[in-house]
Each structure stands twice: as structure tokens, then as C-alpha cells.
Amino acid sequence: YAARFANWRQQLDRAIFVGVPLLGCLMPVDALNGEFAVFEKLRLLSGGDRLDVMRMASSMPGLLDLLPEPRAFENAEQLFMQTSWPEASAPRQRALQGSLNLKAAVARSPLLERVTVILSAEHGTQRSLAFRGRELTSGGFEYAGDGVVSAHSAYPAWLDAPAFRVAAAHT
């Protein structure tokens, strides 16, 4: 918003971020592997197969933009290489590069000067990625978070903003 509108400071006094994954999260990995619950329901309703869901997910820019920041998640740098993904459903390299470039833009957004964060650190949240050739999985619910977004992603160490903790899970 701040990047698109020059007069944003006159229009926006405060932004409230509720579990916003500023450093990304691992949920897109599950979605791109056809294992995300919402996409599984879409597959069942449409009568399609898992590969259809994976191809659909790989074409969604907003989903790709949620991929985890490489410096914040172990092995995440590989997610931004098309050759790391299953060949039949790999996101385009240009889209992966765009997602990677967005990470720096988010970190330097002037909007963050007016943010208040609400986050949960009460629930196990995915931490790890494993690659076996072009097969990749997420797992290891070891980070504190809301079950989807880790606390370290919702409130990065570089963020200087008021924060409030809640116990609720990401729903």
C-alpha cells in the first residue's frame, strides 16, 4: 500500500497485523505439493486429481509470495529454484524470483513504522524442509507460532513495533 500510494501517511494512522507472515511460512510448500486441506477439498469438489491441484497452486502469485524467507528458514533457498520442484507442477522461475524479491521490499516498507502486531506463540508451527531430488516435504512442528505462521516470522527481530500475544491458533 505504502509503495503504491504517495499520500498513504495521510490516509493510514495505524496498521494491525494479525499473524502476518512477514518472513513467509511453510504452508505454501504443502499447497504446492497438493497437501493443503483447502486445496484437497477443491480437488474433491472438482473431480480433479492431485496434479491438477498442484498445477493450480503453482500459478497463484499470492501463494508463492508466502514462501519462506531463505535466511529465516533452513533450506528455504532451494524453494526459489524451479528445478527444486516436481517437474510437472513447478512454479515458473520468474514467479519464484518475484517472490524472493518481495522479501526485501516487505522488510523496508515504510508501512512498518505504523504497525502493531498481534501474534500467537502457543502452537507448534512447521520449521523444516527436506529435499529428496525434486521431492520436497515440510514438517517438524518445532517453532513457536500459531500453527501456520511462526512467531519469528510474524514478529522478526528487525521489526520495531508494539506487539501483543494471544493464545489462539491460526484458523
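Visitor: Why is the contact between the side chains of Arg 71 and Glu 69 called a salt bridge?
Guide: The term requires a side-chain nitrogen of Lys or Arg within 4 Å of a carboxyl oxygen of Asp or Glu. For Arg 71 and Glu 69 the N to O distance is 3.0 Å, so the pair satisfies the rule. The model is predicted, so that local features need pLDDT of at least 70 and side-chain atom pairs count only at pLDDT 80 or more, while totals for chains, interfaces and linings use all residues. Residues are numbered from 1 along each chain as its sequence is written, and side-chain values use heavy atoms, with hydrogens and water left out.

Visitor: What makes Arg 71 exposed and Glu 69 buried?
Guide: Buried means under 20% relative accessible area, exposed over 50%, and partly exposed in between, with a 1.4 Å probe and protein chains only. Arg 71 has 75% and is therefore exposed, whereas Glu 69 has 8% and is therefore buried.

Visitor: How many salt bridges does the rule give?
Guide: The count comes to four. Among them is the pair Arg 9 and Glu 113, at 3.3 Å from N to O. These partners link distant parts of the chain, 104 residues apart: Arg 9 belongs to helix 1 (residues 8-11), and Glu 113 to the loop between helix 6 and strand 2 (115-120). Helices (H or I, at least four residues) and strands (E, at least two) are DSSP runs numbered from the N terminus. Arg 9, at 38%, is partly exposed, and Glu 113, at 54%, is exposed.

Visitor: How do you know that Glu 40 and Arg 43 are separated by about one helical turn?
Guide: They stand three residues apart in helix 3 (residues 37-46), which means a separation of about one helical turn. Their side chains meet in a salt bridge with an N to O distance of 2.7 Å. Glu 40 has a relative accessible area of 28% and is therefore partly exposed.

Visitor: Why are Val 38, Leu 42, Met 56 and Met 60 called a nonpolar patch?
Guide: A patch takes residues with over 30% relative accessible area and no salt bridge, joining like charges within 9 Å and nonpolar side chains (Val, Leu, Ile, Met, Phe, Trp, Tyr) within 5 Å. These four form such a patch on the surface, with about 300 Å² of accessible area together; areas come from the Shrake-Rupley method with a 1.4 Å probe, and for residues only the protein chains shown count as cover. Met 60, in the loop between helix 4 (50-58) and helix 5 (61-64), is partly exposed at 32%.

Visitor: What makes a region a pocket, and how much space lies in the largest pocket?
Guide: On a 1 Å grid over the protein atoms alone, points where a 1.4 Å probe fits but cannot get out form a cavity, while a pocket is an open set with protein on both sides within 12 Å along at least five of seven lines; lining residues have an atom within 4 Å of a point. The largest pocket holds about 510 Å³. Of its 20 lining residues, the closest to the centre include Leu 22 and Ala 105. Leu 22 lies in the loop between strand 1 (15-18) and helix 2 (27-32) and is buried at 9%. Ala 105 lies in helix 6 and is partly exposed at 33%. Helix 6 (residues 93-107) gives the most to the lining, with four residues.

Visitor: What makes the phi of Asn 75 notable?
Guide: Most residues other than glycine have a negative phi. Asn 75 is not a glycine, yet has a positive phi of about 70°. Asn 75 lies in the loop between helix 5 and helix 6 and, at 26%, is partly exposed.

Technical notes
Grid points are joined across faces, edges and corners, and a volume is the space filled by probe spheres set on the points.
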